[in-house]
Each structure stands twice: as C-alpha cells, then as structure tokens.
Amino acid sequence: MNKVIPAPQKPWQPTFIDKLEDFSILVGSLGVAGAIVKFTGFNGKLGYFFAFFFTLLVANFAFHFLKRGMQAAKDSILQVLTAMAIFVTLIPIVSIVATVVSKGYKGLHWGLLTKDMALASVNDPIASGGLLHALVGTIIMVGGALIISFPIGVLTALYLTEINGKLARPIKFLVQAMSGVPSIVAGLFILSSLIYPVTKALSGLMGSLALTILMIPTIARTSEEMLRLIPNELREAGVALGGTQWRTVAGVVLPAAKSGLVTAIILGVARIIGETAPLLLVSGGGDSLNTNPTSGAMGSLPYYIWKAFLTGGTPEAFARAWGGMLVLLSFIFILFGLARYLSGRKVG
Amino acid sequence: MTTSHVTPSSLSSVASARTLSQPGTALLGNGLETRGVHAWFGKKHVLSDITLDFAAGTVTALIGPSGCGKSTFLRTLNRMHEFIPTAAMAGEVLLDGKDIYAPGIDVTKIRLRVGMVFQKPNPFPSMTIGQNVLSGLKLAQIKNSNTDDLLESCLTRAGLWNEVKDRLGEHGGALSGGQQQRLCIARSLAVEPQVLLMDEPCSALDPGSTFRIEETIADLAKTMTIVIVTHNMQQAARVSDYTAFFLSDGGPGEMIEAAPTSSIFSSPQNKRTEDYVTGRFG
C-alpha cells in the first residue's frame, strides 16, 4: 500500500500568533506598569508588582472578551491568577536558593568534606577545618530516624487503611495531633525519658529517637493518604486469587503505592533534616567526627550553621555558616532527586 | 451476551426490520462528517484515514474488535482526544460543514453541541439526581428559566422519569447501574446537543437496562444524530441505521466497511466484515 500518511498535528495547541498575542500582552502590561509606577503614587517592587498584576488582569480580560466573548474572558482571569500564584510561590524559593548560593560559595573549599572542626575554631581562615563531622552526623541521625520511623509510620498507615479496627479513629486523631508537636518538645521528651533516667549521656542515637518522634506522624499521615488512593478493586482482586490479607498488602497494595510512599519519605525527611533545637538537647553538638551513634556528642549540619552564626562574628564564621547552608541545601536536592528518580523507574 | 452463536441471517433480519431513518432534515443541521481523520498517541499511529459521514437524525454504530480505534475515533468527534497529552491527529471533522479543529474555534462550544455518554456511568457524586441532570446548564453557564420542565423532559426522554420523579433530591449514587447510565444520558440531553456520542454505553449493564437504553436511543434519534460504539452485534443491528466496521491488523485501525446496517449484516462486501459480524473471529 502506498497511502500517503499526513504528518501528526496538534491543532488544539496555541499557534504562533496566539503565543505572540499573549507575549505582547505581557510586554505591554510590563510597560504600562512601568508608566504607572513612574507617574502615580505606586512605588517600589511591591507597587510595580501590583501595577503589573492588575494591568495584566485587565488587559487579558479585555483581549479575550473581544476575541472570544464573556466566558473566555472569565476563564482568562483564572489563568492570570494561577500564573501569578506560581510566580508568588517561586519568589521566596528562588530568592532563598540564590542567596544561599551567592553567599555560600565563599565558604566552600577542598577540605570541606574531608576535615572536621576538632582543631579549628569558627573564626579561623576558611581553609582550615570542614564540615565532615556535621554531614556524617546528619546522615547518621536522619538515616537512623528514617529506619525507625518508616516501618512504624507505614504500619500505622496500614492499620488505619487495611485493618481499620476500632482504634483507627483515636489513632488517626493522635497522629494528627502529634504532627503539630513542637520539635523542642520531642527533644525534651527524649531528654527526660531516656537520657536522664537511663543513658545519662548524649548520643547520636538519642538524636535519631527525637527526630523519629517528629517524623512518624508525617510518614503515617502521608502513607495513609497514599494507600487510600489505591482502588479497592485491587485489594479484592488480590484476595480473590487466594492471597491472605498480608500477602495482598505486601504483593499488590504496597507496590501500587510505591511512589506515594517515596513521597512520604521525602516529606518525612524534609520535616526533620533542618531540626536544630532537639539535637542541641539530646545529641549535643560535636565538633569532631563521630561515627558511633551510641556514644559521644554528634554534630549535624543545622548545628554547624547555628554555631558558626552564633559563636563567631568574623566574616570567616559567616562564610562557614552560609557554606554549611549550601551543603545542606545541595544534600537535600540530591537526596530528593535520587528518591524521585528511583521511585519513577519502572520495575521489571 | 456473546455473538459467537448468532447466525448472520437472524442479525440481518433484526437489522432489516428497522426502517431506515431519512437523513438531513434542516432542523437537525447537516450532521457530522469526517475527512481523512488520523490519530496518534505519541509515535504510535492508531487510526488511519477515516472518512465517514453521519447524516443528521441517524444512528450510526461503530463496531470492531478491541483496540481497533473506534473509541479513539469517537473521541476525535468532540475534541476529547486532545485530553491525552501525547495525542495528535490529522484530517478534518466537519460539524454543519465547519471544521471543529479550525483555528479560532471555541472548543467548549463544540463539546456543548456534540455530547458524550461514557462507558462507565459517571454521575457527579456530590450532586443529587436533579442537580446532575441540570449540571450542564451550570457548567456551560446556560440560563434557563424553566428548569422544572427541562428536568422532567430530559428524564422522560432518557426513560428514567417514572423511576425517579419522587426522589430527585437523592444522590445519583443511590441508583442502579442502568439507572445511573440513563441519568447520564438525561444529563447530556439537558444542554440540547446536536450530536450524541455513546462509547459502549451498555457494556456494564444487564439486558433489562440495555433494552431501556436502546429504546431511549431510538427515541432520541428523532431529534439528534447519534454515534454509538458497541461490541454487541445485536445491539448494532437493533439500534443503528448505518454501521461502520473498524479493524486493526497490528498497525493503525482502519475502516473496512461502512454501509446501511441491514446490508452490513446481510450482504457485507468485505470478507473480514463478514467474518466479524458472523462471529467467526473477534
């Protein structure tokens, strides 16, 4: 057969003319906003923003009203509002990242990831000392907290969704209430229930336990929501093949919810990775490398940043603090990127 | 219901028992026409070169095995195809002689004029039966002063009025599957579409409900153009004036044959059509 097959098209997508029109409205609004700021009482960044926002809203509305009528014009209002919401959300994120990067790079040097602060003070030249101890401490304590709280959180979620027993409602309430516990309370709890009566010493493990208290509610709540999204038909199909409840949950429900569970881990880690207060109380804050979580004070990145800001005062100390933030931020990005990549991959 | 033990003669007798609707009364518009429609999902070419006319006031059945592109074709007819991000298409779909894919066409107006009933009944869960029927007016922002009459006429035309007239305030989920599907038909009638697309509307229903919906279709055909995808040969024979047979031999789906329903079932021109409608394969 020698039939001519036409090229695939997407006639529903905006044409070049449409894009040009949208772009001219955007540029035009910017111009009008500039004029408003120049000739009226509006001033400053905020004045510029609001002038631009309202001009864009009105211009878009008028354009779509003339082009396609009232309904399309109303639609365009929502489009402008959503675009503005995204813009407003991005401002602090971009600003934070930009500030951390621009100030933090001065604190970077080759020894940062290989040396600790055992023999250096925060006011020493940047090249002496590093944050190896803090990074290792954070990895050990957050990793430990994750190892303890992920199973507990997911099992709690499974109790709420799969077993749904008599205690489900009170437990759900408690978990929700626990997610509002201030982090210092978690630290004090470990301090008074474990450190004073039992171990009588600070350690990384105590830090992990304090973080666990903060992490479990986040993981349990998120996992619960994710498990509720799994359609009941899947559970029924698993059980109808002769699977026990446990085999069905392990073989069908949890794999189907995998990417949701990764989200739970990410949110849980995000909840605790920047915690400083509870760690100050229960793991102290070491300046030297300590890889044994069961004894001795253990440093962490937030503690490293806190100490450099508070006990220093020289440009070197501030550069150290910003450098620590840059490392913490990069670490989080790499971690979450990796988690998304691994969970997004198709399995077998 | 399976088609495997149905003899061709019984189907053709069912089909020829219908009197063919006469197409093209001015009131109903000029119907719907497609010109060389192709469809893709990503790189995969799923539908090739479909040229088919749906005359105003007729019922056309699209038949063929699963995966032959009938549903995709149906979804190109009211621009639902583009909801899938990887989707692409080529060709023209003419409603009253105007291409619905032309630049500057308001897609919401197209979907208002070309309604759709889906395979699985999907009444809006947050609305009562009455609110469900009138939901289209709200969504499309149509003003109607006499909603009580409209409610009654839509539910009557969908064959549901007598069963629900005393419980319009109940939620749609309380109805049986067949009733829910007729509720969905009533809902799509309220905005007075010119064309109604039905994607296997009876596949999840029992024979009784199916019978009621087929009655409804016969009734609706007086006032609108209907295109129905079905896997049920008897249904195609019973409800449609014209039938188009789609088939994919591993490549993109193609239209093998389109003709008045009685001749598709009594004297198909293509061997593959004959094999399919007699249940020899598929």
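**View 1. The annotated span of chain A in the predicted model.** In the UniProt record, an unreviewed entry, the annotation "domain: ABC transmembrane type-1" covers residues 135–337 of chain A. The structure shown here is a predicted model, and in it the span 135–337 of chain A is 78% helix and 0% strand. The C-alpha atoms at the two ends of this span lie 18 Å apart.

**View 2. The two assigned domains of chain A.** The domain assignment divides chain A into domain 1, residues 16–102, and domain 2, residues 132–344. Between the C-alpha centres of domain 1 of chain A and domain 2 of chain A there is a distance of 40 Å.

**View 3. Helix H2 of chain A and its surroundings.** Helix H2 of chain A runs over residues 44–68, and because each residue should add 1.5 Å, its 25 residues are expected to span 36 Å, which agrees with the 36 Å that separates its end C-alpha atoms. The buried residues in H2(A) are Ala51(A), Phe52(A), Thr55(A), Leu56(A), Asn60(A) and His64(A). Among the elements that cover these buried residues of H2(A) are helix H1 (16–39) and helix H3 (70–104) of chain A. After H2(A) comes Gly69(A), a residue with a positive phi, near 105 degrees.

**View 4. The open sheet of chain B.** In chain B, four strands form an open sheet with antiparallel pairing, and their order across the sheet is S2-S1-S4-S5. Strand S2 (44–54) and strand S5 (98–99) of chain B are the edge strands, and each has a single partner strand, so one side of each remains without a neighbour in the sheet. S1(B) and S4(B) are joined in the antiparallel sense over eight bridges, and Glu33(B) is found opposite Leu94(B), a residue of S4(B).

**View 5. The contact between chain B and chain A.** Here 13 residues of chain B are in contact with 12 residues of chain A. On the side of chain B that touches chain A, strand S1 (32–41) and strand S4 (87–95) of chain B each supply at least two residues, and the largest share, three residues, comes from S4(B). Sorted by class, this side of chain B consists of seven nonpolar, two polar and four charged residues. The strands S1(B) and S4(B), which pair over eight bridges in the sheet, thus appear in this view as well, each with at least two residues on the side of chain B that touches chain A.

Definitions and conventions: Residues are numbered from 1 along each chain as its sequence is written. Chains are lettered from A and ligands numbered from 1 in the order in which they are written. This is a predicted model: local features need pLDDT of at least 70, side-chain atom pairs count only at pLDDT 80 or more; totals for chains, interfaces and linings use all residues. Two residues are in contact if their C-beta atoms, placed from the backbone, lie within 7 Å. Ala, Val, Leu, Ile, Met, Phe, Trp, Tyr, Cys and Pro count as nonpolar, Asp, Glu, Lys and Arg as charged, and the others, Gly among them, as polar. Two strands pair if DSSP finds at least two bridges between them. The expected span of a helix is 1.5 Å times one less than its number of residues. A residue is buried if 20 or more other C-beta atoms lie within 10 Å of its own, exposed if 12 or fewer, and partly exposed in between; C-beta atoms are placed from the backbone. Domain bounds come from an automatic or database domain assignment. UniProt positions are given in the numbering used here, feature names are shortened, and annotations may be inferred rather than shown by experiment.
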